[in-house]
Amino acid sequence: MRLRNLIIITVIVPLFVVLVVFSLVAIKSLEDNVRSKLQTEVEIITRALSTSLSGAVSRDSPTPLEEALQSAFSFHRIYGAYVFDLQGREVYGLGLGKDLFSPEEIRQVIEQDDLYSNYRQYDGWTYYSAIIPLRTQDGTVHGALQVNRLNTGIENYTGFISIVAVLVFVIGAAGIVFSIWWGFRRYIERPLNRLLHVMLLVEDGDRSQRATIDGPAEYSRLASGLNGMLDAMAEKDHDIEERQQREIELEKRLRKSKKLAELGVLAAGVAHEIGAPLTVINGQAQRLARRNVIGDEERAKLVRIRGEVERIVEIVRQLMELGRQHNVEKGELALDRLIQNASDLVEEELEPRNIRLDIHLPSPTPYLLANEQQIVQVLTNLLRNAAQAPNVSHIRVRVRTHDHELTLYVEDDGPGIPASNHQHVFDPFFTTKPVGQGSGLGLSMVHRIINDHGGTIGVFDSALGGAGFEITLPLSETASA
């Protein structure tokens, strides 16, 4: 059942019934009070006149009787007074209503020897008439006195007043009901419908909806509470999404770390198996190169053999380094010093190609907890990769800090990395360089070092037009955890 109908049934209808009953009882009580007052006045006047008329009747003189009856009209609204003998015949009378009672009725009153009063209709008028026996001083009944009062004044309008009162009550009650209905609809039903509409939209999945905080104080508090609940839910959803994203990233990192660990075990086994043969090959090639019996062409081939053997040894060493679990020894380091050390190491590769290196650091220079050698190695690898890309003339390094993290960007204006290769750039042996110019382990090493420091690294398309690498590192051990 709707709230409006419930209020009408449980509040308005009982109130209406109570008011109707109270009004009817009040009107009935007023009417009875008016009639009772009328009857009492007529009976008192009748008894008073009967005392004064008893002597006049006993003297059989019309003059005192006339004077006594005329004195009755000094009372308000007395319109008739008559004296009857024992047979019910009129002796003398003045005013209206002489024939209200028949002679037989008058004789019955005389025989009963007590006052009798009642309402009577005559010629379209309503009278209240009282008859009382007349006694002499010795107690003998000589006749009867009839006093008539015309039913005029307020007692004549009690019925009309009752009707008017009922009409006024009905109109007033209708106005009250309409006012309650209008107030309920405007200040209760409409705000609740707006609130319900917002809740239905939220139920359908639109959690951006918010209730309007206006109207009565109770509704405003309810709307504010709903908005607070929705804000809390949105914040929780955001936290859950962030947590899920972190879990996805963590899972990716774990898979990457597992892959590198498995690769390290494989590399250790390969290094153990091919280490001795490579040493023999390198030694024999060196020994052959020292002989004078071979020509320059053969000696050059032996030098190349030794170079390739050393390249194989270096790749095996990098594989073992990549898969090994490291305990990073960290210290508090100034970022500008780390970047300067890395730029000095690649300066010889930048100058011949006229590559401009721009470094943008916040002020004051941030400090981070890291291993100096490994971070310099990371920066060196990234700068060298950018310098070795074709058609590069500008490299930019910029840094920003947020809360307890530091984000470092290394960008260039080269051809960039295709979007399809972004997810593979950190895989071992993945490289876009020609065969023999790169092992594909440099960025894998960078990824491993950043992971060891509790950070993240990603690749993006730089605004300069080339590739960009984004490194996020914690500024403290707490942030790293």
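Student: At what angle do the axes of helix 7 and helix 9 cross, and within what distance do they come?

Tutor: In this predicted model, the axes of helix 7 (residues 335–345) and helix 9 (residues 372–388) come within 8 Å and cross at roughly 50 degrees.

Student: Why is helix 7 called oblique to helix 9?

Tutor: Angles under 35 degrees count as roughly parallel and those from 65 to 115 as roughly perpendicular; a crossing at roughly 50 degrees belongs to neither class, and helix 7 is therefore oblique to helix 9. The handedness of this crossing is right-handed.

Student: What makes the contact between helix 7 and helix 9?

Tutor: Helix 7 contributes R337, L338, I339, N341, A342, S343 and L345, while helix 9 contributes E372, I375, V376, L379, T380, L383 and R384. By character, the residues of this contact divide into 8 nonpolar, 3 polar and 3 charged.

Student: Turning to the sheet, what makes strand 7 and strand 11 its edge strands?

Tutor: The sheet is open, with 5 strands in the order 7-9-10-12-11 and mixed pairing. Strand 7 (356–360) and strand 11 (456–461) each pair on one side only, and these are the edge strands. Neighbouring strands of this sheet are turned by 15 degrees against each other on average, with direction ignored.

Student: How do you know that strand 9 and strand 10 are paired, and in which direction do they run?

Tutor: Pairing requires at least two bridges between two strands, and 8 bridges join strand 9 (residues 394–402) to strand 10 (residues 405–412), so the two count as paired; they run antiparallel. Within strand 10, V410 stands opposite V397.

Definitions and conventions: Residues are numbered from 1 along each chain as its sequence is written. This is a predicted model: local features need pLDDT of at least 70, side-chain atom pairs count only at pLDDT 80 or more; totals for chains, interfaces and linings use all residues. Side-chain values use heavy atoms; hydrogens and water are left out. Helices (H or I, at least four residues) and strands (E, at least two) are DSSP runs, numbered from the N terminus. Axes are lines fitted to C-alpha atoms, for helices over the stretch in contact, and angles run from 0 to 180 degrees between N-to-C directions. Angles under 35 degrees count as roughly parallel, over 145 as roughly antiparallel, 65 to 115 as roughly perpendicular and the rest as oblique. A crossing is left-handed if the near helix is turned anticlockwise from the far one by less than a right angle, and right-handed if clockwise. Contact means heavy atoms within 4.5 Å. Ala, Val, Leu, Ile, Met, Phe, Trp, Tyr, Cys and Pro count as nonpolar, Asp, Glu, Lys and Arg as charged, and the others, Gly among them, as polar.
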